[in-house]
There are 2 protein chains.
Amino acid sequence: MTLLTNANRGTMQMNNAFDPSDAESLSDSARRLVDRRARLLGPAYRLFYQTPVHMVRGTGTRLWDADGLEYLDAYNNVVAVGHANAEVAEAVDRQMKTLCTHTRYLQDGVLDYAEQLLATFDGAIADGHLMMTCTGSEANDLAMRIAKHRTGNQGIIVTSEAYHGNSDLTSGFSPSLGDNSPLGTWVRCVPAPDSYRVSPSGLGAKFESDVAAAIADLRRHGQGVAALIVDSLFSSDGIYSNPTDLLRGAVDQVHKAGGLFVADEVQSGFGRSGEAMWGYQRHGVEPDIVTMGKPMGNGFPVAGIAVTQDTVARFGAKMRYFNTFGGNSVAVAAAQATLDVIQRNQLVEAVKSTGELIQAGFREIQARHPQLIGDVRGTGLYIGVEMVADPDTKAPDGRAATQVVNGLRDRKVLISATGPAGNVLKIRPPLVFTPEDAKWLIDALDDTLTDLEAL
Amino acid sequence: MTLLTNANRGTMQMNNAFDPSDAESLSDSARRLVDRRARLLGPAYRLFYQTPVHMVRGTGTRLWDADGLEYLDAYNNVVAVGHANAEVAEAVDRQMKTLCTHTRYLQDGVLDYAEQLLATFDGAIADGHLMMTCTGSEANDLAMRIAKHRTGNQGIIVTSEAYHGNSDLTSGFSPSLGDNSPLGTWVRCVPAPDSYRVSPSGLGAKFESDVAAAIADLRRHGQGVAALIVDSLFSSDGIYSNPTDLLRGAVDQVHKAGGLFVADEVQSGFGRSGEAMWGYQRHGVEPDIVTMGKPMGNGFPVAGIAVTQDTVARFGAKMRYFNTFGGNSVAVAAAQATLDVIQRNQLVEAVKSTGELIQAGFREIQARHPQLIGDVRGTGLYIGVEMVADPDTKAPDGRAATQVVNGLRDRKVLISATGPAGNVLKIRPPLVFTPEDAKWLIDALDDTLTDLEAL
């Protein structure tokens, strides 16, 4: 069985991807599904795991496959308030049976939601506007359309393994899509803040000077900076949650150069960090645009941007924005119910304590497997465990991470891997993950590593 | 009260838009909503009508406003199988309570749907693949990413008042967004086939030679053609459903030049024309990519592309495509139920006969108001009525169209206007529009025109 790591960066580059050449090892029914999928959905789709999982049902933090086997979901951030959340399902059902129409008619729901959501921000964004899209890609695409219009510049600065979307524009500033996916001419990449390999105390200054160098390089090529866009948890870069004094200098540089700062909160927003509703707030910076998506409707396709009045004033005066499904009655109902659950159940606080439990457990595991685990990091329910070939050289071990991800899958626990070398275990469960779930996860990881060491 | 026509093309260009400077004429409650909306959603949002409608409930072809007044919906194509369709609502509810997850796990639903949908096509598309997105904009954006990758070219050819999406790329080939919304450098516009002003027998040859000229112009500027993209009902151009021997020559030119033909079926697909499931089929051409959206999930955000194997083979081998919500379990459930209703209830046939009823009624009205109506055209439930200042010169009368749209709104019938001069009444109801609905619509239009003539 082929272990897919980023050694084959290029054609198949994706962490935790199923390799179709392994289809022969699957059960008959799984192979039939895989073949049918290739025929019907074509070659651009990818599956997770060496042995893909066939899901049929879910509730809370649990999923069941076609054989009735139960899985612990420590991966899916989209279903933030839990698989098949009853409150969200009922809100969607009620609205589906009442009205599903768009933003060119007056409706109360979208305004009530916008008011409640904007109140979760601070500064100029809280006094700004909500514009609704259907996906995080659409949100980042719209943010950059506005940034380019506002600044008159084209330049976009991202981290070197960032992912910001699948549209023509956003895939052009998503280096994590792999070497075959072309970056835009005006995109500049800066190294992510690798807190494992660079002293945290120097990271903010380094990030600032890297961004300043990117601005200077854009200028040298005759172009200004439209925006620096950052996911403050650096999800696809390898999960760098700390330090939190990282962004201010870089944001200042961009503002000084006439560009905007866009906080991509598709991953880090809605309480994921356990320390704030929005990831950028941990860094004490003020974005011009905040983009959001994945968990916003607990799986219902809804996303959007929050933008300061000043940033969008001229764009809105000159041009209109309409998104047929964006902000439609049912999308708003799903988003409203999800936000209500997050706030009423004080999930941000719960995320903090459950996340601390997991990290404490993982650090004990690290102490027992020091040759395998180089670093445990993260915040709230976004945790990274860096697998290394040698803790002294800190050489990444993508192969070990792939083995752990698949070993956990065999133990019915779902996680994935991230980072340029695919060697960082990615633990990013629904926000309703409980201390009992945490115990299952910790024990399963310990067991998997013990097996791995015995190989 | 200001009548918004395309005389003020530029800042406010949008047919049937509410002018915020008219807010004083609104009721207190409507003005409060409009103000709140401006504050919360910002300046890029637009409302319909001189007096915006506040919708709270719908069923079938009817909507009710906050005052409990009933409206006939002769405009909203998204809710193809009717507002609050019970079968779609139940399918969504069932799936929301079971599982809502993405395409990186194996699931049956998306494959069953893809199989059933691809069987509605013919030729190479039927043997091709379905790729799922959330919006028509995402579908057109993805289609063009694939077209550019497949051909190695950048050039995109559209009609001169086309609308293909709101993303950075698709808004760049959507001239109908207005003069302030910049077109891409490699976009070329060709005149739409104005069957009212050009002899239909010569339109195909003209369209072919216009497309050939656009290809030559791209070449003169050092670039090849990636794709010609056409909505075969030319919705935003002014609704030109006939003749249907229009596209073949142009498609041949594009193929000869190494480009692709993309059929944008976001408006014309899913039986809208009453003559075929897909608009392009009426023209006897074979697209390389078909894009679809709006009615696909009856309001649930779901869209996608159907693409031939050859077109996407290299793209899929080199790159992956993932859309978090695209093709998720619930989106597929909504799309499946919608397609089932369209097919089981033979809506395409019903659309044909109801559409013929409406056109016959409109032609009688035209005979009674020959100074106002220059042309009645369309197919199925996509009908255009061209308002003219003078039937001899065929001078467009956008102001009259705006008065009719608002006059019908006062009579509780919803339509809109389209075309570069905003003078073409756009009638595009849910597919479940009945003969009784048609009678209400016809009588209301007659009454509105009589009032207009008496002014």
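**In chain B, the loop that runs between β7 (225-230) and α8 (248-256) holds B:Pro243.** The model shown is predicted: local features require a pLDDT of at least 70 and side-chain atom pairs a pLDDT of 80 or more, whereas totals for chains, interfaces and linings use all residues. Residues are numbered from 1 along each chain as its sequence is written, and chains are lettered from A and ligands numbered from 1 in the order in which they are written. B:Asn242 and B:Pro243 are joined by a cis peptide bond, with omega about 5°. In chain A, a cis peptide bond likewise links A:Asn242 to A:Pro243, and omega is about 5°. A:Pro243 belongs to the loop between β7 (225-230) and α8 (248-256) of chain A. Helices and strands in these legends are DSSP runs numbered from the N terminus (helices: H or I, at least four residues; strands: E, at least two).

**A:Asn298 combines a positive phi of about 55° with a residue type that is not glycine.** The residue is located in the loop between β9 (289-292) and β10 (303-307) of chain A. A:Asn298 counts as buried, having 32 C-beta neighbours inside 10 Å. Burial is judged from C-beta atoms placed from the backbone: a residue with 20 or more others within 10 Å of its own is buried, one with 12 or fewer is exposed, and one in between is partly exposed.

**A:Lys412, also not a glycine, has a positive phi of about 70°.** This lysine lies in the loop between α12 (398-410) and β14 (413-414) of chain A. With 17 C-beta neighbours inside 10 Å, A:Lys412 counts as partly exposed.

**A:Ala30 occupies a place in helix α1 of chain A.** The residue is partly exposed, as 18 other C-beta atoms lie within 10 Å. Apart from neighbours within four places in sequence, the contacts of A:Ala30 are A:Pro52, A:His54 and B:Leu106; two residues are in contact if their C-beta atoms, placed from the backbone, lie within 7 Å. A:Ala30 and A:Pro52 are 22 residues apart along the chain, and their C-alpha atoms are separated by 7.8 Å.

**Helix α1 (residues 28-41) of chain A packs with helix α3 (residues 109-118) of chain B at an angle of about 40°, the axes being 10 Å apart.** α1(A) is therefore oblique to α3(B). Axes are lines fitted to C-alpha atoms, for helices over the stretch in contact, and angles run from 0 to 180 degrees between N-to-C directions. Angles under 35 degrees count as roughly parallel, over 145 as roughly antiparallel, 65 to 115 as roughly perpendicular, and the rest as oblique. The crossing of α1(A) and α3(B) is left-handed, a term used if the near helix is turned anticlockwise from the far one by less than a right angle, with right-handed used if clockwise. From α1(A), A:Arg36, A:Arg37, A:Leu40 and A:Leu41 meet B:Leu111, B:Ala114, B:Glu115 and B:Leu118 of α3(B). By class, this contact of α1(A) with α3(B) comprises five nonpolar, no polar and three charged residues. Ala, Val, Leu, Ile, Met, Phe, Trp, Tyr, Cys and Pro count as nonpolar, Asp, Glu, Lys and Arg as charged, and the others, Gly among them, as polar.

**Between the two chains, 83 residues of chain A are in contact with 83 residues of chain B.** The side of chain A that touches chain B has 45 nonpolar, 23 polar and 15 charged residues.

**The buried residues of helix α2 (residues 86-96) of chain B are B:Val88, B:Ala89, B:Ala91, B:Val92, B:Gln95 and B:Met96.** They lie on the same side of α2(B), because the arc that they cover around the axis is only 165°. The arc is that of the directions from the helix axis to the C-beta atoms. The cover over these buried residues of α2(B) includes α2 (86-96) of chain A and α10 (329-344) of chain B.

**α3(B) and α10(B) pack at an angle of about 35°, with 9 Å between their axes.** Their crossing is left-handed. On α3(B) the contact is made by B:Gly109, B:Val110, B:Tyr113, B:Gln116 and B:Leu117, and on α10(B) by B:Ser329, B:Val332, B:Ala333, B:Ala335, B:Gln336 and B:Leu339. Seven nonpolar, four polar and no charged residues make up the contact of α3(B) with α10(B).

**In chain A, helix α11 (residues 347-368) and helix α13 (residues 435-454) pack at an angle of about 20°, with their axes 10 Å apart.** α11(A) and α13(A) are therefore roughly parallel to each other. The crossing of α11(A) and α13(A) is right-handed. The residues of α11(A) that meet α13(A) include A:Leu357, A:Ile358 and A:Phe362, and those of α13(A) include A:Leu441, A:Ile442 and A:Leu445. By class, the contact of α11(A) with α13(A) has ten nonpolar, two polar and one charged residues.
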